[in-house]
Amino acid sequence: MKTLIIYNSLTGFTEKYALNLKEKLGEGATTVPLKKFKAKMLDDCDKAIFMSRVVNNVITGFKTVIKYANKFAEKYTAIVAVGLAEPNAAQYYALEDANIPYLLKGIPLFVLRGGFDASRLKGKDKLMIKFICSRLEKAPSRTREEMALLKLCATGTDKTDIGSLAPVEEYISSGLFFPPEKTDEKPSFWTSCEEDSEEEDTEEEETEGAEIEG
């Protein structure tokens, strides 16, 4: 059985997951960056996995999957979205509703936690982040979320967890998939940023004068 892993990664976190999944699946699994993907590659595989980063609740590059929806629907396919916030039911259904068209509704969606590293950005993405941070730095006042964003841009974060690939591997191997129960809660992009800030505040209070690892 041949498995094709198509990944769209900007700063390396989704690529990290893709390469590890390839290793876990073993012989017959291959990876290809989205920019090098060709529809004819689907003719040579039995299973297809699309992995991409999430930006503003959008699975980037997913238009390619939609364009070839019929081909993907014929395969044993999985979609893996890599975002910054803590994966939960709210995140899952918000992403599904915003990105997955009717034809692909039966394809399993997995949500993993990624990271952010401004130093790896290039071109328009780098300029955009630079502009946002510059504007926030010059602002006379900032909200908690804006402070968290400034900190994130300055220090970055890596929340990847290779162990979270287990459900994806299980599905590809056995066909078993269990989506989370639906919830009325709203997803929060800022979850990880605020968590980091709160953790540091607590550590500073408990270890006044001590050097904190970060």
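In helix 4, the buried residues are A89, A90, Q91, Y92, Y93, A94, L95, E96 and N99. The model is predicted. Helix 4 spans residues 89-99, and 9 of its 11 residues are buried, so the helix counts as mostly covered.

The cover over these buried residues includes strand 3 (47-55), strand 4 (58-59) and helix 2 (63-67). Strand 5 (76-83) and strand 6 (109-113) also belong to it. At the N-terminal end of helix 4, N88 acts as the cap. A side-chain oxygen of N88 lies 3.1 Å from the backbone nitrogen of A90.

The salt bridges come to 3.

| Pair | N to O distance | Citation |
|---|---|---|
| D158 and K16 | 3.7 Å | |
| K71 and D43 | 2.8 Å | |
| R113 and E86 | 2.7 Å | |

D158 and K16 form a salt bridge. That pair links distant parts of the chain: D158 sits in strand 8 (residues 157-158) and K16 in helix 1 (residues 13-25), 142 residues apart. D158 is partly exposed at 45% relative accessible area. K16 is partly exposed too, at 32%.

K71 and D43 form another salt bridge. K71 lies in helix 3 (residues 69-74), D43 in the loop between strand 2 (29-33) and strand 3, 28 residues apart. K71 has 28% relative accessibility and counts as partly exposed.

R113 and E86 also form a salt bridge. R113 is in strand 6 and E86 in the loop between strand 5 and helix 4, 27 residues apart. Buried means under 20% relative accessible area, so R113, at 10%, counts as buried. E86 is partly exposed at 35%.

Note on methods: Residues are numbered from 1 along each chain as its sequence is written. This is a predicted model: local features need pLDDT of at least 70, side-chain atom pairs count only at pLDDT 80 or more; totals for chains, interfaces and linings use all residues. Side-chain values use heavy atoms; hydrogens and water are left out. Buried means under 20% relative accessible area, exposed over 50%, partly exposed in between (1.4 Å probe, protein chains only). Helices (H or I, at least four residues) and strands (E, at least two) are DSSP runs, numbered from the N terminus. Contact means heavy atoms within 4.5 Å. A polar contact is a pair of N or O atoms within 3.5 Å; within protein, one must be able to donate a hydrogen and the other to accept it, and residues adjacent in sequence count only if both atoms are side-chain atoms. A salt bridge is a side-chain nitrogen of Lys or Arg within 4 Å of a carboxyl oxygen of Asp or Glu.
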